[in-house]
Structure formats: structure tokens, C-alpha cells
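Subject: Model for you to look at

Hi,

Here is the model I promised to pass on. Please open it next to this email, and my notes will follow below.

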Amino acid sequence: MSSPIVTRFAPSPTGHLHIGGARTALFCWAFAKRHGGRFMIRIEDTDQARSSEASARGILSDLAWLGIHWNDGPRLDLGGGVVLGEQSRAVGPYFQAQRRDIYDAYIEHLFAMGRAYPAFETNEELEALRKAAAAKKQTFKYPRPADVKFGEAPAARIARAKAGEPHVVRFVMPDTPVIVTDEVLGEVKYAAGEVDDFVIRKADGFPTYHFAVVIDDELMGVTHIMRGQEHLNNTPRHVALQQALTRLKDDRDATKGSTGARFRTPLYAHMPLIFNMDGSKMSKRDKDKAAREAVKKAGIKDAATLGVSAISDGQFNDWMGDPTRQLPGEVLGQVARRVKINLPEIEVEDFKKAGYLPEVINNFLSLLGWSPGGDVEKFDMAFLASHFDLARIGKTNARFDRVKLLAFNTDAVTTMPVERFADRFRAWCADYAAPLAALPGPLFTMLCTAVQPRCKTFKDAADQAAFLLVDDAALTLDPKSVEKHLRADNGAGLGVVREVVAALKALPSFEPATIHAAIEAFAASKGLAGQLGKIAQPLRVALTGGTVSPPIDLTIALLGRERALGRLERALG
RNA sequence: GGCCCCGUCGUCUAGCGGCUAGGACGCGACCCUUUCAAGGUUGAGGUGCGGGUUCGAUUCCCGCCGGGGUCACCA
């Protein structure tokens with residue numbers, strides 16, 4: 001049996017899942033599915049200071065929400081009997097921090113082969129060397145110490161290290177060119193000496209990314225590595241490592257010797273990057289940037305004016321004055337509401353909160369740097385899983401067009417069966433709009449029929465329901481709308497409202513159809529058959545305070561007899 | 001700056017020596033309309049520049065220009 005195709009997505013748990021990471025995961029997933037292979041998740045938590053368990057959990061659940069399910073990796077119970085990672089191959093653990101004994105064994109192995117050595121320079125010393133190089137306009141490359149020889153075990157250095165001297169471990173790069181073969185970019189050649197002796201184990205004993213990734217991909221049977229182009233220049237390091245290494249008989253004990261089997265070099269496919277529309281990197285800092293600009297534009301100059309309790313004056317000034325400063329997500333959300341902006345979505349969770357459909361996000365994402373060819377543009381996960389191929393991955397960076405994403409989402413959300421919309425919208429409301437989720441079933445269903453045809457996202461749908469949620473007594477009418485639709489023409493609008501109230505009161509039931517018929521009859525009696533707007537707009541203003549709401553009959557029915565009539569009469573004064 | 005990658009409408013892209021250079025989002029116009037959306041019809045809009053190769057270049061080669069990535073004890 002030929003070995004199966006194995007792809008992996010290997011996030012470092014230092015934050016939320018970035019939308020670009022989601023695309024990488026999606027492509028890895030699709031490629032594995034396409035070839036009947038396995039998709040694996042590995043958590044690269046070798047940075048002690050920045051990694052967190054919570055972040056890993058968040059990333060996992062974001063992936064699950066997107067429908068990017070893994071065969072191998074951490075266990076995640078999705079409920080309903082679905083448990084991701086349950087059927088994993090026995091190649092774990094999937095958290096690198098739990099694999100240190102393996103990395104250490106392979107470091108010993110490299111020592112023995114004369115392909116790694118302890119290095120004792122301090123950070124400060126290295127920094128000084130870098131500065132000196134920069135001053136001479138040269139690129140800094142770590143100079144291999146004179147006593148280190150390719151292929152010779154560095155006994156003296158190892159003794160110093162064993163004696164407890166602080167050190168890192170560096171890899172002995174070969175003095176030959178390294179050729180990287182990439183499935184999308186072709187052959188990329190790096191001249192000998194271009195890459196210096198990089199660190200493979202940090203002073204804290206944890207492996208660096210370069211080392212852990214190579215060991216794990218080999219041990220875990222990864223056959224295809226798909227990642228962003230920002231990793232292209234890392235690849236010669238990985239290839240050099242693969243060429244230097246052979247498998248240990250016992251992955252946790254170098255003293256038992258090597259099997260002599262060389263490490264494989266997986267197939268690489270580097271994908272184009274995704275940027276903002278203005279060409280800048282998509283960064284979570286963009287959210288702070290947008291909020292900061294809105295605050296500035298609103299002329300808010302101190303914390304008191306901003307009026308977000310979690311922000312003190314000092315914090316306000318720090319945040320406004322430092323483009324790198326970030327507010328906690330919740331606080332940032334409050335600021336955004338205060339200055340009435342939507343924060344740009346950067347992380348998967350942002351899109352979820354904004355009410356985007358996961359299948360739409362996947363569809364849209366798969367068009368960034370990949371294309372099924374021809375005019376095909378709208379498709380689902382099943383299509384991706386059966387059509388995705390490396391040959392169609394592009395080489396040019398893409399810009400993330402939120403407007404187009406929104407158009408895709410609008411299409412999906414407005415064309416699905418209303419029952420489905422109701423189910424999914426309710427699930428969304430449970431997380432992000434509790435008062436709506438609490439609506440009685442029939443009312444919620446009616447709300448869906450009213451709102452689905454004209455919403456772009458679930459958030460949008462929820463916003464359109466705001467008139468329903470506000471207390472009748474707290475409803476404020478927009479002055480401009482009142483002027484235009486109620487008071488103008490000597491109160492023509494008010495007259496309409498008055499007469500409609502009478503007609504409505506006479507109605508035996510308050511079903512949308514009944515209301516609709518009543519309003520049409522009223523329009524006909526007024527000779528306004530073709531211009532329902534003359535009737536609907538005054539009612540809308542009186543009922544909702546503004547000029548935009550679902551169709552007027554539904555707006556009335558949604559409020560119900562008592563509230564609708566109450567609001568209308570209140571508007572009449 | 002060194003090294004590396006890239007270059008089709010504003011944006012995402014199709015094209016893999018011969019096409020009126022196609023689609024989608026956005027934009028304009030018109031239609032529909034009970035507000036706002038959505039929808040329908042329709043229009044404008046692109047091969048970065050210069051050399052080659054070829055009967056013929058969007059497509060192949062070179063140079064230029066432009067954009068991006070990377071130069072950590074972060075991944």
C-alpha cells in the first residue's frame with residue numbers, strides 16, 4: 001500500500017485564528033480530501049512566553065466552526081457524536097511542548113554527526129554584531145566559530161553545555177547550495193553561505209520552529225507542506241536539516257543509534273499572501289487603528305468624552321498615541337459602538353460575530369490564490385474537496401475585498417430556504433443577540449421572513465430587528481423623518497396614520513395578510529393604489545422611528561396589535 | 001541594503017502562441033419597487049515599460065520599472 005497523503009495545519013497558539021491562517025488550513029484540508037489523505041493539526045507551542053492553552057482551544061473551535069475538520073490532532077468534541085482527532089494515527093502528541101524529549105534526542109543525534117553545536121554568545125553580543133553589520137550596510141550572518149567543523153562532534157562545547165553553561169544549539173549549514181523545489185513557484189536556489197548556522201534549540205531548552213517543524217513533519221508522515229509565501233525563505237533551512245538527518249531507532253533516545261533512513265523532503269507549495277485593500281498586512285492591529293481613527297474623527301480627546309468605563313485617561317492617551325498599542329477585544333468593541341463603526345474583521349471569530357456564514361467564508365477564501373478555472377466562482381466544501389489542486393494555485397498576492405465577501409454572503413443568506421435561515425440565525429442570536437434568541441418561536445419565524453430577504457449578514461438581520469426590541473416608551477422618532485413623512489403638507493402623514501389606526505382597530509385578526517389587505521384597501525379608497533409609499537412611510541416613521549424597516553404589513557404584524565397601535569397613537573400625540 | 005518571489009480591468013481572477021482578452025465584486029444607466037435592500041437588463045473599465053524569439057505574443061526569453069516577502073534564542 002502506498003503511503004497516504006498527509007497535510008497539516010500547524011498554528012502557534014498565540015492569539016486567535018487569523019483569516020489568512022484559515023485559508024492555509026482550508027487549502028491543506030482540501031488537498032488531503034481531494035486525494036483521500038489525512039489532514040492533521042499540530043499545535044506549535046514552543047514559544048513559552050506567548051503560547052496559551054486558551055488560544056489553542058480558540059483556534060481549534062474556529063476551525064471546527066468553519067467545517068475544516070481534522071483526522072489527526074488534538075481531540076475536540078463537537079457534540080452530536082462527532083469528535084475530531086478521535087481517530088488520530090498514533091503520531092502524537094500534537095502539542096510540540098510535549099515532544100521535547102524527541103527534539104532533544106535528535107539534537108544529540110546531530111551533535112554526534114557533527115552537524116550541530118552549542119553556541120554561547122549572549123543576546124547582547126549578537127545584537128552588537130548585528131548593529132555593526134548594519135552600520136557597514138552588510139547583512140548580518142552568524143559567523144561559525146573557528147573550532148566548529150562540519151562533521152566533527154564539538155566535544156569541548158558539549159562539555160561546557162553539559163556543565164550548565166547557558167547556550168543555544170545551532171545547526172551546521174552545509175557549504176553547498178540548497179535547492180528548494182516548490183510545487184507552485186518551481187525551483188528556487190539558495191547559494192552556499194546564504195543561510196547561516198541558525199538556532200535549532202533555544203536557551204530555554206525548547207526547539208525553534210525550524211527544528212521542530214522538520215522533526216515533526218518527518219515523524220508524523222507529512223507528505224505535503226502548504227503554507228504562506230512568507231515561509232519560502234525558511235525552506236532552505238528545513239531542506240538542509242532534512243538532508244542532514246536520519247531516523248533514530250528510538251525517537252526519544254539517541255544512544256540507541258540511527259536506522260540510517262534519511263528524512264524525506266515533503267513536497268512544498270507556497271501560496272500567495274493576502275493583504276488589505278490598501279496593500280498593508282492584515283493585522284489584528286487594524287481593528288485598533290480603525291477605532292483610533294474614528295475616535296479622532298469624532299473629535300474625542302479624552303477618556304471622559306469617550307465614556308467607555310474600562311478606559312482611564314492615561315490608557316486613552318497611551319492608546320491614542322501609540323499605533324502599536326492594542327485594547328482588549330471587548331473594550332475595543334465598546335469603543336466601536338460608541339463611535340458607531342464596525343471594526344474590520346481580521347480573525348475568524350470577527351467574521352463569525354459579524355454574522356458571516358462559514359461556507360461563504362470558505363468559498364471566498366478559496367478564491368484568494370486559487371481558482372477552479374473558467375467562470376466557476378460559487379461552490380461549496382464538497383466541490384473544493386473534489387476539485388482542489390496545487391497546479392491552480394496562483395503566484396500573485398491577493399487583496400482581501402470585504403465588499404465582495406459581503407456580496408457573496410448576501411447571496412447565500414438571502415437565497416437559502418427560510419427554515420434554514422431561521423435555524424442558523426437563531427443559533428447566531430444565541431451567541432450574539434440573546435434578546436432575539438429569546439423571542440417566541442412564531443414571532444421569530446415571522447421576523448425571519450421579514451428580515452431575510454433584505455439582510456446581508458446575521459448581524460445585519462439583528463440590527464433590522466432593533467425596532468422590535470426597543471421599549472415602546474423608549475422609542476424616539478427621527479426628527480428629519482418626522483418632518484418629511486408626518487408633518488409635511490399640513491400633517492398629511494399624521495392624517496394617514498390616524499385613519500390607518502382606525503382601520504387597524506377594526507381588523508378581526510392581526511395576521512400580515514389581513515393587515516396587507518387592509519392597507520391596500522385603504523390605499524385604494526384614497527386613490528393611492530400605485531403609491532403605497534405615501535401610506536407606508538408615515539406609518540414606518542411612527543412605528544419604528546425611522547424610514548427603514550421590513551415591509552409595512554410585516555412591521556405592524558411583528559409588533560402586534562397592542563404595541564403597533566400604541567406606537568401609532570403615541571405618534572399622533 | 002543582501003537574498004527570494006511576483007506583475008491581465010479599481011479588486012479577485014480565466015487565459016497556458018492566433019480570443020471582439022471571459023467571469024465575479026465594485027462603479028454608471030435603465031427596469032422593478034411599500035422604505036431600505038435584493039433582483040433584472042445594460043454600459044464603461046485591463047495585459048506596467050523596452051527589447052528580443054516567432055508569420056503571429058497576454059502567453060516564451062532578457063533588461064528596466066513596480067509590488068511583496070525575508071533577513072530573531074517568533075512562528
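Below is what I found, with the conventions first.

This is a predicted model, in which local features need pLDDT of at least 70 and side-chain atom pairs count only at pLDDT 80 or more, while totals for chains, interfaces and linings use all residues. Residues are numbered from 1 along each chain as its sequence is written, chains are lettered from A and ligands numbered from 1 in the order in which they are written, and side-chain values use heavy atoms, with hydrogens and water left out.

**Domains**

Chain A is assigned domain 1 (99-271), domain 2 (285-340), domain 3 (416-469) and domain 4 (472-572); the bounds come from an automatic or database domain assignment. Taken over C-alpha atoms, the centres of domain 2 and domain 4 are 40 Å apart.

**RNA strand B**

RNA strand B is surrounded by 66 residues, the closest being Lys202, Asn233, Gly369, Glu377 and Ser549 (near means that a heavy atom of the residue lies within 4 Å of the strand). By class, this surface has 25 nonpolar, 19 polar and 22 charged residues. Here Ala, Val, Leu, Ile, Met, Phe, Trp, Tyr, Cys and Pro count as nonpolar, Asp, Glu, Lys and Arg as charged, and the others, Gly among them, as polar. Elements that each supply at least two residues of the surface include α4 (123-135), α6 (209-219), α23 (533-544) and α24 (552-572). Helices are DSSP runs (H or I, at least four residues), as are strands (E, at least two), numbered from the N terminus.

Which parts of the RNA face the protein? Of the atoms of RNA strand B within 4 Å of the protein, 70% belong to sugar or phosphate and the rest to bases. Some polar contacts (pairs of N or O atoms within 3.5 Å; within protein, one must be able to donate a hydrogen and the other to accept it, and residues adjacent in sequence count only if both atoms are side-chain atoms) are worth a look:

- An N or O atom in the side chain of arginine 130 is 3.1 Å from a phosphate oxygen of RNA strand B.
- A polar backbone atom of alanine 203 is 2.8 Å from a base oxygen of the strand.
- A base nitrogen of the strand lies 3.0 Å from a polar side-chain atom of lysine 404.

**Helix packing**

The axes of α23 and α24 are 8 Å apart, at an angle of about 70 degrees. Axes are lines fitted to C-alpha atoms, for helices over the stretch in contact, and angles run from 0 to 180 degrees between N-to-C directions. That makes α23 roughly perpendicular to α24 (under 35 degrees is roughly parallel, over 145 roughly antiparallel, 65 to 115 roughly perpendicular and the rest oblique). Among the residues that meet (heavy atoms within 4.5 Å) are Leu539 and Leu543 in α23 and Ile556 and Leu559 in α24. This contact has ten nonpolar, two polar and two charged residues.

The axes of α3 (100-113) and α6 come within 11 Å and cross at roughly 100 degrees, which makes α3 roughly perpendicular to α6. Their contact has nine nonpolar, no polar and one charged residues.

**Backbone details**

The peptide bond from glycine 92 to proline 93 is cis, with omega near 0 degrees, and proline 93 sits in the loop between β4 (82-84) and α3. Lysine 137, in the loop between α4 and α5 (155-162), has a positive phi near 55 degrees.

Happy to talk it over!
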